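Here is a friendly walk through one protein chain. Have a look at the model first, and then we will go through some of its parts together.

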Amino acid sequence: MYDQVTWNASLDKMLIYDVGMTGEWLGEVEALAELAGYLNLTEDVALLKKRQASMASKVQNTLWSAASQIYLNYQVDTQTFNTHTSPTSFYPMLSGTATVEQALQMTRRWLTNHSGYCLGNHSGPAPPPPTTADTERGL
């Protein structure tokens, strides 16, 4: 997934916006806001929800690939999508960032399609979900 990503040694960072890490962060902030609500920390709830909404907007504007119908990592230095997919490409669905239409597109194109992750349409017990799409020959 990260074979062609540029490493910036002076920053000690890959030059990529990672959909998986960002999706995990969105889920974590959502959980923290819920916990803050139980503790009646209304200012913290408002701050966390504001941060979550801001990041969700950035995910929508930067990591959604309409052409591929999935969220992809974005390479900052080349200003292009990294076209490799993985289960982390679906994390924005878990955080509620994806719209209903985006979730349907991802499901049709990637989750239930034989060229994607092909979940469903199996006889007998369902196999475990694959770690890469069928089209990912290099992984």
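Let us begin with one residue. Leaving out residues up to four places away in sequence, Cys118 touches Trp110, Leu111, Thr112 and Asn113. Cys118 sits in the segment after α4. Is Cys118 buried or exposed? Its relative accessibility is 15%, so Cys118 counts as buried. Along the chain, Cys118 and Arg108 are 10 residues apart, and their C-alpha atoms are separated by 9.6 Å.

**The whole chain**

Please keep in mind that this is a predicted model. The protein has 4 helices and 7 strands. Starting at the N terminus, the order of the elements is β-β-β-α-α-β-β-β-β-α-α. Of the 139 residues in the protein, 35% are buried. Among contacts with a separation of 6 or more, 51% come from residues 24 or more positions apart.

**Two helices side by side**

Two packed helices are described by the angle between their axes and the distance between the axes. Here, helix α1 covers residues 19–38 and helix α2 covers residues 42–63. They pack at an angle of about 160 degrees, and their axes are 9 Å apart. Angles over 145 degrees count as roughly antiparallel, so α1 is roughly antiparallel to α2. The crossing of α1 past α2 is left-handed.

Which residues make this contact? From α1 they include Val19, Thr22, Trp25, Leu26 and Val29. From α2 they include Asp44, Val45, Leu48, Lys49 and Gln52. Sorted by type, the residues of the contact of α1 with α2 are 13 nonpolar, 3 polar and 4 charged.

Gln52, in helix α2, deserves a second look. Its relative accessibility is 15%, so Gln52 counts as buried. Apart from neighbours within four places in sequence, Gln52 is in contact with Trp25, Leu26, Val29, Glu30 and Ser95.

Leu47 is also in helix α2. With a relative accessibility of 38%, Leu47 counts as partly exposed.

**Nonpolar cores**

In soluble globular proteins, nonpolar side chains tend to be buried together. How many residues does the largest nonpolar core have in this model? It has 16 residues, and those with the most contacts inside it are Leu63, Ile70, Tyr71, Phe90 and Met106. The elements that give two or more residues to this core are α1, α2, β5 (70–71) and α4 (100–111).

Tyr71 shows how parts that are separated in the sequence can meet. Not counting neighbours within four places in sequence, Tyr71 is in contact with residues including Val19, Val59, Leu63, Trp64, Pro92, Gln102 and Met106. Apart from the largest core lies another core, of 5 residues, among them Val29, Ala33, Ala36 and Val45. Of these, Val29, Ala33 and Ala36 of α1 and Val45 of α2 also take part in the contact between the two helices.

**Two loop residues with positive phi**

Asp12 is in the loop between β1 (7–8) and β2 (13–14). The phi of Asp12 is near 55 degrees, which is positive although the residue is not glycine. Asp12 has a relative accessibility of 56%, so it counts as exposed.

Asn40 is in the loop between α1 and α2. Asn40 is not a glycine either, and its phi is positive, at about 60 degrees. Its relative accessible area is 64%, so Asn40 is exposed.

**Along the chain and in space**

Two more residues appear in the table below. Gln4 lies in the segment before β1, and its relative accessibility of 62% means that Gln4 counts as exposed. Leu104 lies in helix α4, and Leu104 is partly exposed, with a relative accessible area of 36%.

For each pair, compare how far apart the residues are in sequence with the distance between their C-alpha atoms.

| Pair | Apart in sequence | C-alpha to C-alpha |
|---|---|---|
| Gln4 and Asn82 | 78 residues | 8.2 Å |
| Leu104 and Gln69 | 35 residues | 9.4 Å |
| Leu47 and Val29 | 18 residues | 10.0 Å |

Now go back to the model and find each pair. A good place to start is Gln4 and Asn82, 78 residues apart in sequence and 8.2 Å apart in space, C-alpha to C-alpha.

Notes: Residues numbered from 1 in each chain as written. Predicted model: local features only at pLDDT ≥ 70, side-chain atom pairs only at ≥ 80, totals over all residues. Heavy atoms only, no water. Axes fitted to C-alpha atoms, helices over the stretch in contact; angles between N-to-C directions. Parallel < 35°, antiparallel > 145°, perpendicular 65-115°, else oblique. Left-handed = near helix turned anticlockwise from the far one by under 90°. Contact = heavy atoms within 4.5 Å. Nonpolar A, V, L, I, M, F, W, Y, C, P; charged D, E, K, R; others polar. Core = buried A, V, L, I, M, F, W, Y, C linked by side-chain atoms within 4.5 Å. Buried < 20%, exposed > 50% of the residue type's maximum accessible area, 1.4 Å probe, protein only.
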